[in-house]
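Subject: Handing over a structure, with notes

Dear colleague,

I am passing a structure on to you, and the sequence and coordinates are shown just below. After them come my notes, arranged by topic, for you to read alongside the display.

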Amino acid sequence: MNEELKKYPVLFDWIELTDLLIMLHITKNTLKEWCSEGELKCSRIKNKTYFLRQDIERFMYSHYQNYRP
């Protein structure tokens, strides 16, 4: 059963586009650019676009920089 959950992420592991824009404080154009460059993958179901939480976390960790004022 655990192997099956890893293979098919459950619904709460998906984040809708508008929620992601609010969470990351970015514009729709920025998110579209990241997707077109292959930085993030998205899936469309009917009229909504969704992103896997794991893909978002992987993207953020790979672009993480320490802030030093």
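What is the relative accessible area of Cys35? Please keep in mind, here and throughout, that the model is predicted. In this model Cys35 has a relative accessible area of 22%, so this cysteine is partly exposed. The closest cysteine sulfur to that of Cys35 belongs to Cys42 and lies 4.4 Å away, which is too far for a bond. Cys42 accordingly takes part in no disulfide, and the structure as a whole holds 0 disulfides. Cys42 is also partly exposed, because its relative accessibility is 39%.

Turning to the strands, S1 covers residues 14-16 and runs antiparallel to S3, to which it is joined by 3 bridges. S3 spans residues 48-52, and within that strand Leu52 is the bridge partner of Trp14. Strand S2, residues 43-45, also pairs with S3 in the antiparallel sense, again over 3 bridges, and here Arg44 stands opposite Thr49.

S2 and S3 together form a hairpin, with 2 residues between them. Lys46 lies in the loop that separates these two strands, and its phi is positive, near 55°, although the residue is not a glycine. With a relative accessible area of 78%, Lys46 is exposed.

Which side chain of opposite charge is nearest to Glu16, a residue that is buried yet has no salt bridge? It is Lys48, at 5.2 Å from Glu16, and a salt bridge would need a side-chain nitrogen within 4 Å of a carboxyl oxygen, so this pair does not qualify. Glu16 has its place in strand S1, and when neighbours within four places in sequence are left aside, Glu16 is in contact with Lys48, Thr49 and Tyr50.

The salt bridge count for the structure comes to 1, and the side chains that meet in it are those of Asp55 and Arg58, with 2.8 Å from N to O. Both residues lie in helix H4, 3 residues apart, which is about one turn of the helix. The two partners are not alike in their exposure: Asp55 counts as buried, because its relative accessibility is 16%, whereas Arg58, at 53%, counts as exposed.

Helix H2, which covers residues 17-24, has Leu17, Leu20 and Leu21 as its buried residues. Seen down the axis of H2, these buried residues fall within an arc of 100°, and they therefore line one face of the helix. As for what they pack against, the partners are strand S1, helix H3 (28-36), strand S3 and helix H4 (53-62).

Just after H2 comes His25, which is found in the loop between H2 and H3. Its phi is near 55°, a positive value in a residue other than glycine. At 72% relative accessibility, His25 counts as exposed.

With kind regards

Note on methods:
Residues numbered from 1 in each chain as written. Predicted model: local features only at pLDDT ≥ 70, side-chain atom pairs only at ≥ 80, totals over all residues. Heavy atoms only, no water. Buried < 20%, exposed > 50% of the residue type's maximum accessible area, 1.4 Å probe, protein only. Helix = DSSP H or I, 4+ residues; strand = E, 2+ residues; numbered from the N terminus. Arc of directions from axis to C-beta. Contact = heavy atoms within 4.5 Å. Lys, Arg positive; Asp, Glu negative; His and termini not counted. Pairing = 2+ DSSP bridges. Disulfide = S-S within 2.5 Å.
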